[in-house]
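This briefing introduces one structure to a reader who has not met it before. Please keep the sequence and the 3D view at hand while going through the topics below.

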Amino acid sequence: MNKTETFSSFNYGVLAVPNYTKEFSDIPWTQHPTFEGVELKHIVTAQDTDGQFSYHLVRIAANKSILNHIHEKQLETHEVIGGSGTCINAGQTIPYQPGTLSIMPAGIEHEVVAGDDGLYLFAKFFPALS
């Protein structure tokens, strides 16, 4: 499976739990409220989990960034599912390519920069990003 197919399998995936399914294709992409060239698809929201966790697909356009920031209360994970780029996590540069998993504990500075082919992440927050 190539990079495009891997991302597509998530973009058109399904959330399946007992007695409930949610088609990812039914969830709209929304512009990130702060970072240009960054779009989000909110798969599982704080409302769905009483604030316990949230899951989001993240699409970062070629050579765009989620600039340095901190989540004071949330542990954040990134699973790279397509494209390439880098993450600066607690001052260390981590190459991002499909199959990379990165963890940012609460209170840790981090930023993400997409490469020439853009970057596609599955981001998870504990507790939920509100």
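Glu 79 and Lys 124 join their side chains in a salt bridge, with 2.6 Å from N to O. The pair connects distant parts of the chain, since Glu 79 sits in strand β7 and Lys 124 in strand β10, 45 residues apart. The model is a predicted one, and a search of the whole structure finds 4 salt bridges in it.

**Salt bridges**

- Within the pair from β7 and β10, Glu 79 counts as partly exposed, at 25% relative accessibility, whereas Lys 124 is buried, with a relative accessible area of 14%.
- Another salt bridge brings together the side chains of Lys 22 and Asp 48, at 3.5 Å from N to O. Lys 22 belongs to strand β2 (residues 20-23) and Asp 48 to the loop between β4 and β5, so this pair ties together parts that are 26 residues apart in sequence.
- Lys 22 has a relative accessible area of 18% and is therefore buried, as the cut-off for that class is under 20%, while Asp 48, with 46%, is partly exposed.
- Lys 64 also forms a salt bridge, its partner being Glu 36, and the closest N and O atoms of the two are 3.2 Å apart. Because Lys 64 lies in the loop between β5 and β6 (65-69) and Glu 36 in the loop between β3 (30-31) and β4, the pair ties together parts that are 28 residues apart in sequence.
- Lys 64 counts as partly exposed at 28% relative accessibility, and Glu 36 counts as exposed at 59%.

**Nonpolar cores**

- In soluble globular proteins, nonpolar side chains tend to be buried together.
- The largest nonpolar core here has 16 residues, and those with the most contacts inside it are Val 58, Ile 60, Ile 66, Tyr 96, Val 112, Leu 119 and Leu 121.
- At least two residues of this core come from each of the strands β4 (38-44), β5 (54-60), β7 (75-89) and β10 (110-126), and β10 gives the most, with 6 residues.
- Leu 121 touches, when residues up to four places away in sequence are not counted, a set of residues that includes Val 58, Ile 60, Tyr 96 and Val 112. The contacts of Leu 121 also include His 56, His 78 and Glu 79, the last of which is the salt-bridge partner of Lys 124.
- A second core, separate from this one, has 8 residues, among them Phe 7, Phe 24, Leu 57 and Ile 81; of these, Leu 57 and Ile 81 are touched by Leu 121.

**A surface patch and a buried threonine**

- On the surface, Leu 75, Leu 101, Ile 103 and Phe 126 form a nonpolar patch, with about 340 Å² of accessible area together.
- Ile 103, one of the patch residues, is found in strand β9 (residues 101-104) and counts as partly exposed, at 46% relative accessibility.
- Is Thr 77 buried or exposed? Thr 77, which has its place in strand β7, counts as buried because its relative accessibility is 10%.
- Leaving aside residues up to four places away in sequence, Thr 77 touches Leu 101, Ser 102, Ile 103, Met 104, Phe 122, Ala 123 and Lys 124. These contacts include Leu 101 and Ile 103, which take part in the surface patch, and also Lys 124, which takes part in the salt bridge with Glu 79.

How values were computed. Residues are numbered from 1 along each chain as its sequence is written. This is a predicted model: local features need pLDDT of at least 70, side-chain atom pairs count only at pLDDT 80 or more; totals for chains, interfaces and linings use all residues. Side-chain values use heavy atoms; hydrogens and water are left out. A nonpolar core is a set of buried Ala, Val, Leu, Ile, Met, Phe, Trp, Tyr and Cys residues joined through side-chain atoms within 4.5 Å. Buried means under 20% relative accessible area, exposed over 50%, partly exposed in between (1.4 Å probe, protein chains only). Helices (H or I, at least four residues) and strands (E, at least two) are DSSP runs, numbered from the N terminus. Contact means heavy atoms within 4.5 Å. Patches are made of residues with over 30% relative accessible area and no salt bridge: like charges are joined within 9 Å, nonpolar side chains (Val, Leu, Ile, Met, Phe, Trp, Tyr) within 5 Å. Accessible areas come from the Shrake-Rupley method with a 1.4 Å probe; for residues, only the protein chains shown count as cover.
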